[in-house]
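Here are a few worked exercises on how two chains meet. Have a go at each task before you read its solution.

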Amino acid sequence: MRLVGLYLALFAFWLLMSGHYEPLIVGFGVVSCAAAVYIARRKDIVDHENLSWYLKPKLPFYWLWLLGQILKANFDVATRCVLPGNRIDPCVFRTPANQDTSVGVVTYANSITLTPGTVSMQTWDHEIRVHALTHDGARDVLGGAMDGRVCRVEGHTKDGAEDGP
Amino acid sequence: MALVVDIASWLCLVAGALLCLAGGIGMIRFPDVYARSHAAGVIDTGGALFILFGLALQAGFSLVTVKLAIIGLLLFFTCPTATHALVKGALAGGLKPLCRELDADEAAGMADEAQR
């Protein structure tokens with residue numbers, strides 16, 4: 001079932017990328033998607049957790065919020081790059097990651113890295129080591145707003161309580 | 001209308017180019033590999049985002065825009081992964097950051113400050 005889903009997704013992607021709909025080209029698509037699915041099955045890399053995570057209804061809203069954060073942080077770090085004088089006071093720290101699933105923790109760690117001014121250096125099951133360009137940036141991460149939002153995408157608060165769908 | 005779209009598109013392209021430039025300058029000025037990775041982050045998030053959006057405005061509603069959107073999505077999944085791999089590699093190679101690590105008490109104190 002998952003293999004069929006993967007096949008359909010790959011084939012839709014092929015059609016979008018090629019933009020040619022002649023029988024020959026589409027035939028190539030059918031064959032190469034089948035080959036890709038076969039290889040994915042042999043390598044045993046088709047897992048269900050991944051897909052169901054990316055179908056969470058709150059994820060698009062989280063991405064929008066993240067986009068806003070990225071733009072703000074971009075402006076901040078870019079000004080620190082070009083203005084004269086030393087405008088950075090970096091620090092390293094560990095911050096908790098309260099997500100249930102490994103994909104959740106990865107999403108949180110990736111969000112930290114995507115926001116300029118903070119980079120995730122190392123991850124454990126429920127903790128991330130972060131390098132921040134400024135102590136203000138570190139304070140933002142430690143405040144846990146982003147952690148809480150990724151948790152709410154999973155359907156719970158960061159303290160473990162249930163949260164509506 | 002075409003003029004408005006053109007102006008918006010060029011504003012985005014120029015903003016993206018300026019962010020890339022700022023990121024490049026930061027990559028040269030910042031002291032160590034960890035700080036420099038933040039400047040690189042400006043290039044692969046803001047710079048790439050604005051340039052792709054500006055190009056999408058030029059392309060209008062077409063297959064090209066879909067492809068640009070997919071490039072954007074790809075960047076947003078691969079860039080943080082690559083940055084994380086680079087920084088983790090530097091850490092594993094024994095390169096110490098030019099700053100100290102906050103201990104648990106300091107981190108908890110900063111978390112309290114942030115929540116207030």
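**Exercise 1: the interface**

Start with the headcount: 37 residues of chain B are in contact with 34 residues of chain A (contact means that the C-beta atoms, placed from the backbone, lie within 7 Å). This is a predicted model, where local features need pLDDT of at least 70, side-chain atom pairs count only at pLDDT 80 or more, and totals for chains, interfaces and linings use all residues. Residues are numbered from 1 along each chain as its sequence is written, while chains are lettered from A and ligands numbered from 1 in the order in which they are written.

Task: work out which elements give two or more residues to the side of chain B that touches chain A.

Step 1. The elements are α1 (2-29), α2 (33-59), α3 (63-92) and α4 (104-115) of chain B. Helices (H or I, at least four residues) and strands (E, at least two) are DSSP runs, numbered from the N terminus.

Step 2. α3(B) gives the most, with 11 residues.

Step 3. Sorted by class, this side of chain B has 21 nonpolar, 11 polar and 5 charged residues. Here Ala, Val, Leu, Ile, Met, Phe, Trp, Tyr, Cys and Pro count as nonpolar, Asp, Glu, Lys and Arg as charged, and the others, Gly among them, as polar.

**Exercise 2: α4(A) on α2(B)**

Task: describe how helix α4 (residues 59-82) of chain A and α2(B) pack.

Step 1. Their angle is about 135°, and their axes are 9 Å apart. Axes are lines fitted to C-alpha atoms, for helices over the stretch in contact, and angles run from 0 to 180 degrees between N-to-C directions.

Step 2. That angle makes α4(A) oblique to α2(B) (under 35 degrees is roughly parallel, over 145 roughly antiparallel, 65 to 115 roughly perpendicular and the rest oblique).

Step 3. Now the residues: A:Ile70, A:Leu71, A:Asn74, A:Val77, A:Ala78 and A:Cys81 meet B:His38, B:Ala39, B:Val42, B:Thr45 and B:Gly46.

Step 4. This contact has 7 nonpolar, 4 polar and no charged residues.

**Exercise 3: α5(A) on α3(B)**

Task: do likewise for helix α5 (residues 102-114) of chain A and α3(B).

Step 1. The angle is about 85° and the axes are 9 Å apart.

Step 2. α5(A) and α3(B) are therefore roughly perpendicular to each other.

Step 3. On α5(A), the contact uses A:Ala109, A:Asn110, A:Thr113 and A:Leu114; on α3(B), B:Phe76, B:Pro80, B:Thr81, B:Thr83 and B:His84.

Step 4. The classes come to 4 nonpolar, 5 polar and no charged.

Definitions and conventions. Contact = placed C-beta atoms within 7 Å.
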